[in-house]
Amino acid sequence: MEATYLAAINQALHEEMRRDENVIVMGEDVAELGGAFKVTDGLLAAFGEDRVIDTPISEALIVGAGAGAAILGMRPVVEMQFGDFISCAFDQIVNTAATLRYRHGGRAACPLVIRAPSGAGIHGALFHSQNPEAWFTRVPGLKVVAPATAYDAKGLLKSAIRDGNPVVYFEHKRLYRSIKENLPDAEFTVPIGPAEVRRPGRDLSLITYGGTLHQCLDAAGIVAREDGLSIEVLDLRTLLPLDREAILGTARKTGKILIVHEDRLTGGIGGEVAAIIAEHAFDSLDGPIRRVAALDTHTAYSPPLEEFILPNANKIVAAIRGLAAY
Amino acid sequence: MAHAETVAASSETGQRVEYELQLYYWMKLIRAFEERVSRLHRQNKILGGVYSGAGQEAVVTGVCAPLRPGDFVAPLHRDLGVFLVRGVDPGRLMAQLMGKETGLSRGKDSFLHGGDLEHHVFGSTSMLGSSLPVAAGAALKFQIKKEAQVAVGFFGEGASSRGDVHEAMNFAGVRKLPVVFVCENNRYAYSTPLDKQMAIENVAERAAAYGFKGHVVSGNDLLAVVQLAEKVIRRVREGGGPELIECKTYRYRGHSEHDAALYRDKEELLEWQSRDPIPRYEFYLEKKGHDVKRIREEIDERTRAVLQQAVEFAEQSPMPAPEEALEDLYAPAPMNSARDGRA
């Protein structure tokens with residue numbers, strides 16, 4: 001059945017709540033309203049107010065209480081209404097949840113999912129556009145995923161809910177209603193960890209995730225038509241742990257790497273990906289590793305500013321051409 | 001614990017007497033444990049931060065004694081006594097402090113950050129007050145599952161300034177969660193005295209703003225604490241919603257063993273030591289006709305033996321292997337084995 005990215009997330013929540021009565025959903029406006037974006041629509045009617053819980057505006061509480069319920073066997077899926085607000089819960093995520101098992105000597109588990117609608121390109125300005133994933137990808141004890149397709153959005157959320165660890169799940173707001181695909185009627189999950197080659201190619205690799213996957217695919221199509229270039233596109237899907245084998249595999253195959261993400265350049269995941277390749281596949285490289293990412297500024301509001309800051313297919317095309325000619 | 005719980009629930013005088021003596025034993029054991037820990041720290045046998053709860057024994061004893069197995073407790077960083085009263089093995093606790101393999105966190109974290117969830121004791125972080133949202137979450141689980149359990153979240157008056165405390169109490173009030181918030185008001189947040197921390201007299205006054213009851217009790221009066229805690233815990237367990245107990249008390253040592261606490265007046269320390277919870281409770285036992293001298297000697301001998309055994313166990317326990325630093329980060333994800341349908 002055809003489903004949007006948003007509907008896929010909603011389906012995953014319905015299915016997992018039906019499958020496991022310990023799954024609860026908690027956050028600001030998730031119950032009565034069905035979420036600011038309607039991602040949790042219908043859950044209250046289906047599962048009742050004990051399991052679908054509207055909270056006060058209290059991000060630290062939402063994550064902390066999620067952790068408290070999780071260590072006693074619940075599987076809470078908590079929502080940050082906008083991923084930008086996750087900074088208010090930062091301590092509970094990186095200190096309470098991420099260290100929980102470690103500081104209990106391996107005798108505790110914290111099966112908690114933190115959903116964070118993130119991403120720019122919707123004129124959301126400084127506090128409704130952020131891509132905060134790199135704040136979390138260097139925190140041991142967490143897993144971080146960022147699906148880019150409806151299929152992965154559903155499958156990765158189901159895996160995250162079933163996982164025994166805190167998982168930060170970044171869903172890209174621009175994709176909610178802009179992409180759709182046919183999803184299998186049968187049950188499926190997408191494992192946390194493996195990246196996926198979205199388009200095989202020979203000449204150059206784009207390594208990306210989340211919102212910029214679609215821009216990369218567009219750019220790959222353009223340079224195939226106009227320049228005859230064969231571009232491989234690798235979708236990381238999981239950002240912690242990174243799929244090192246897939247990253248090194250594509251680097252060894254094409255020898256030219258362009259990393260693309262919507263998060264800012266400095267300190268973004270691209271730096272880590274580049275380091276992995278430089279350390280372990282240096283011999284295979286035919287050119288410098290390059291990156292296309294948001295400029296090192298805040299995500300400004302006015303359209304000319306926003307467009308200037310964010311990556312897009314044209315900027316990726318230009319970068320591909322530059323690197324291909326190297 | 002099972003013993004104490006049975007006794008607490010009983011109205012039989014003999015059992016009540018036994019229970020009251022057990023409370024005395026716990027206070028004495030905690031004090032002796034605290035003193036030994038301070039000494040071991042001076043001897044460099046405990047390397048990390050040590051936050052003594054000496055002087056505050058009546059609070060943890062009085063609040064934890066009426067709890068049942070399965071109740072959830074999130075202690076604060078100087079609540080070593082919570083672990084003991086909840087039945088955590090003193091040897092494992094000592095091994096935890098020495099960074100040994102047999103400690104609660106297997107050497108991963110220091111002092112009381114290693115919890116013991118088998119005894120439903122949560123290991124708090126150093127971000128004070130951050131365990132109150134966790135306690136609220138535990139209470140939420142009890143409420144959803146209709147379990148007759150309570151969660152207890154300890155915090156200091158210092159931590160009461162943090163947003164986490166507000167968020168947890170507000171949510172608990174809104175949902176009428178079965179959680180007891182226990183403030184150990186020892187008058188100093190590290191070096192900062194009360195009048196620089198808050199503009200009101202009692203932390204308990206804030207409970208009204210969250211729609212539940214707040215109580216003030218002398219935290220150095222075991223009998224007062226335990227009597228109040230029994231009532232509060234019963235009401236909370238029966239679904240009456242959260243309550244806040246503020247225990248006025250005092251820590252004898254500095255914030256940590258590194259802190260000589262020179263910011264405090266010697267007279268003030270003396271004044272509080274004259275209200276020490278242990279002799280105060282001994283006075284009560286004496287008036288009830290006990291031979292306190294004999295009981296004290298017996299209990300001192302018992303606690304000495306327990307401590308000797310705990311220290312021996314900890315000292316003889318191995319250190320963790322270096323590579324274990326990379327273990328215990330992730331739980332297995334056994335339900336995550338289904339393959340990607342398209343892979």
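Colleague: What makes residues of chain B and chain A count as being in contact?
Modeller: Their C-beta atoms, placed from the backbone, lie within 7 Å. By that test the contact takes 43 residues from chain B and 45 residues from chain A. This is a predicted model, where local features need pLDDT of at least 70, side-chain atom pairs count only at pLDDT 80 or more, and totals for chains, interfaces and linings use all residues. Residues are numbered from 1 along each chain as its sequence is written, and chains are lettered from A in the order in which they are written.

Colleague: Which element gives the largest share of the side of chain B that touches chain A?
Modeller: α6(B) does, with nine residues. Helices here are DSSP runs (H or I, at least four residues), and strands are too (E, at least two), numbered from the N terminus.

Colleague: Why is α3(A) called roughly parallel to α4(A)?
Modeller: The axes of α3 (residues 59-71) and α4 (residues 90-97) of chain A cross at roughly 25° and come within 8 Å. Angles under 35 degrees count as roughly parallel, so α3(A) is roughly parallel to α4(A). Axes are lines fitted to C-alpha atoms over the stretch in contact, with angles from 0 to 180 degrees between N-to-C directions. Among the residues making this contact are A:Ala60 and A:Val63 of α3(A), and A:Ile93 of α4(A).

Colleague: How do you know where the domains of chain A begin and end?
Modeller: The bounds come from an automatic or database domain assignment. Domain 1 is 2-182 and domain 2 is 196-324. Their centres, taken over C-alpha atoms, are separated by 26 Å. Their contact takes 27 residues from domain 1 and 20 residues from domain 2.

Technical notes. Two residues are in contact if their C-beta atoms, placed from the backbone, lie within 7 Å. Angles under 35 degrees count as roughly parallel, over 145 as roughly antiparallel, 65 to 115 as roughly perpendicular and the rest as oblique.
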